[in-house]
Amino acid sequence: MDAKTTPKRGYADFAEHLDRLDGLGLVRRIDAEVNKDTELHPLVRWQYRGGIPDEERKAFVFSNVTDAKGRKFDMPVVVGAMAGSRAIYRAGLGVDADGVGPIWARAIDKPIPPVEVSGAPAQEIILEGDDLKGPGKGLDALPVPISTPGYDSAPYITAGNFATRDPDTGVQNLGTYRGGLKAADRIGVRMSTRSGGAGGYPHWLKYQARGEKMPCAIVLGCPPVVAYTGPQKLPMGIDELAVAGGLAGEPIRVTRCHSIDLLVPAEAEIIIEGLIDTEYLEPEAPFGESHGHIALEDFNMIFDVTAITRKKDALFASIISQVTPSESSAIKRDAYEQMFLSHLRNSLGIRGVQNVVMHEPLSNIRRVIFLVMAPGTPKTEVWRALYGASSLRADCGKYVMAVSEDINPDNGDAVFWSLAYRANPAEDVVILGHRDGGHGPKGGDRGSDGTMLVDATLKHVSAPLALPKKPYMEHAKEIWERLQLPPLSPETPWHGYSLGDWSDEWDALAARATDGDYLSNGERSKQMRAKGIKPNTPVRDVLKAP
Ligand SMILES: Cc1cc2nc3c(=O)[nH]c(=O)nc-3n(C[C@H](O)[C@H](O)[C@H](O)COP(=O)(O)O)c2cc1C
């Protein structure tokens, strides 16, 4: 099939996705000259460290890119277009917040194998041989930014989806890994070797055992449905391109690489083809990691470029990672939360779990997990959920805390409030040993870690929250706005509500007070006078009412 004559695609390629984001007001275009080595990522970083809430974050398109040597690049650099915010990620999937779980469940349950086409846009330009050698050629001609100027040892490819193939089964894997530039035709690649790490690593071990180099293609600027499968945890042996087809609802169009035998998305912006050495390793990094610390120099893999293919008017995609929140946590968070929710509800059959929230700022989604529980969930079920969430993945759930449905886990104050009033550390905390050290900075004893489970749900009825009832707060907000006082961003809880211990009689007292009839409440209490009672004794312990 020829790419130009096949029926229209139902899923967006990277450039079409960017147009769609533009239409939604989710793109900032920067036409001023920006240095990719010192200015570009720090500028986007302010979006995440400058008090701009997730709802106001956007993708950045830099059209006038230079480097530290004053060279200019004809290719725009795009940062944040995959998952600069949760809205951008959901736009890429074409769903709202409620649609994320179902679309991932459908894609994993019913993957759709890719279809091979020829004449791929990703191969409009082909560079090989001498075009890959020397300054200004090959990789050196690409506007690859430095992510953490002052620490990183090189410009790094961060939005690369690395395709490899299991030489025994023939099944491909697509994983998002970093790639540090070493020469115009050489990249340092880091595939995690820990349990649950990179899917490309077992492939590398198999090629090593055969005494062969491993073919690998780095796909940049994929259709978003493909890019979102790269960082996602899928069972080993599943081809991410088929899961991407499940997300798209139709086969992903793929093309055979020019110099190696791998299938890659036909609509990618740029494809870097090469062979990874399975004998020698080279020092790689320092580089700013998504666990929020600098990864120090380790021996890692050597990728020798055999060809670079690209669209004529290619865009260079880069992901902003490092300290979270960032694009690298947002690109995982929705799907990871759904993976945990589905495990607890569908595999373990725990009905009381309403939501799973993975803590993102600074801690990077894996280590701190909240389970939002429905009222009345039996204590044993709360604990089954806590144990279940802490054991699903080796690197997730160091701290797991169950909270009631009125607690917003994204609000740290609400979480401390819940701990302060709803959990008894002597009874509601369990500490477990022998957890994997997980994804974190090296140093200290990283052999094993612990797990802390906390049941911070409301376990008994309690007096209402001491804030004015909702109608009074809503009315006051109207007055506030009419008076043009400084803009409000309401924080939950912003009105009082019952926590189970409240009576109609007390409601009537409060209503009489707000009607201006507090004197009749005074008459009532006079009628109820009693003697021989210690002050502070609850009225209901003495009288039947209220
Ligand atoms: C921006 C970004 C950079 C990443 N860099 C690496 C990396 O260098 N090495 C690695 O093993 N995983 C890295 N990851 C995590 C992997 O993408 C993740 O573990 C994924 O599940 C790997 O897919 P796979 O299991 O199919 O290999 C990165 C993720 C993101 C979003």
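Student: Is Ala285 buried or exposed?
Tutor: This is a predicted model, in which local features need pLDDT of at least 70 and side-chain atom pairs count only at pLDDT 80 or more, while totals for chains, interfaces and linings use all residues. Residues are numbered from 1 along each chain as its sequence is written. A residue is buried if 20 or more other C-beta atoms, placed from the backbone, lie within 10 Å of its own, exposed if 12 or fewer do, and partly exposed in between. Ala285 has 21 other C-beta atoms within 10 Å, so the residue is buried.

Student: Which loop holds Ala285, and what is its phi?
Tutor: Helices (H or I, at least four residues) and strands (E, at least two) are DSSP runs, numbered from the N terminus. By that numbering, Ala285 is found in the loop between strand E18 (282-284) and strand E19 (287-288). Its phi is positive although Ala285 is not a glycine, with a value near 75 degrees.

Student: Gln484 has a positive phi too; is Gln484 buried or exposed?
Tutor: Gln484 lies in the loop between H11 and H12, and its phi is about 55 degrees. With 7 C-beta neighbours inside 10 Å, Gln484 counts as exposed.

Student: Which proline follows a cis peptide bond in the loop between H11 and H12?
Tutor: That loop runs between helix H11 (470-482) and helix H12 (504-514). The cis bond there starts from Thr492, with omega about -5 degrees. The residue joined to Thr492 is Pro493.

Student: What is the omega of the cis peptide bond at Pro325?
Tutor: Pro325 lies in the loop between strand E22 (316-318) and H8. The cis bond joins Thr324 to Pro325, and omega is about 5 degrees.

Student: Which residue in E13 is the bridge partner of Leu181?
Tutor: Two strands pair if DSSP finds at least two bridges between them. Strand E12 (residues 179-183) and strand E13 (residues 186-189) run antiparallel and are joined by four bridges, in a hairpin with two residues between the strands. Opposite Leu181, the partner in E13 is Ile187.

Student: Which residue of E21 stands opposite Ile187?
Tutor: E13 also pairs with strand E21 (residues 298-310), in the antiparallel sense and over four bridges. Opposite Ile187 in E21 stands Phe303.

Student: Which strands are the edges of the sheet with the order E7-E15-E16?
Tutor: This open sheet has three strands and mixed pairing. Strand E15 (residues 253-256) pairs with E16 in the antiparallel sense over three bridges, and Thr255 has Val264 as its bridge partner. The edge strands each pair on one side only, and they are strand E7 (115-116) and strand E16 (263-265).

Student: Which element gives the most residues to the shell around the ligand?
Tutor: A residue is near a molecule or strand if its C-beta atom, placed from the backbone, lies within 6 Å of it. The ligand is surrounded by 21 residues, with Gly175, Thr176, Ser192, Ala198 and Gly199 the closest. Strand E11 (172-176) and helix H8 (327-347) are the elements that give two or more residues to this shell. With three residues, the most is given by E11.

Student: How many residues of the shell around the ligand are charged?
Tutor: Asp, Glu, Lys and Arg count as charged, Ala, Val, Leu, Ile, Met, Phe, Trp, Tyr, Cys and Pro as nonpolar, and the others, Gly among them, as polar. In the shell, six residues are nonpolar and 12 are polar, and the charged ones number three.

Student: Where does the largest nonpolar core lie, relative to domain 1 and domain 2?
Tutor: A nonpolar core is a set of buried Ala, Val, Leu, Ile, Met, Phe, Trp, Tyr and Cys residues joined through C-beta atoms within 7 Å. The largest one has 126 residues, and those with the most contacts inside it include Val264 and Ile369. H8 gives the most to this core, with seven residues. Domain bounds come from an automatic or database domain assignment, and because domain 1 (99-314) and domain 2 (348-455) both give residues to the core, it lies between them.

Student: How far apart are the C-alpha centres of domain 2 and domain 3?
Tutor: The chain is divided into domain 1, domain 2 and domain 3, the last covering 470-542. Between the C-alpha centres of domain 2 and domain 3 the distance is 35 Å.

Student: What percentage of the residues in the chain is buried?
Tutor: The chain has 14 helices and 27 strands. Of its 546 residues, the buried ones make up 42%.
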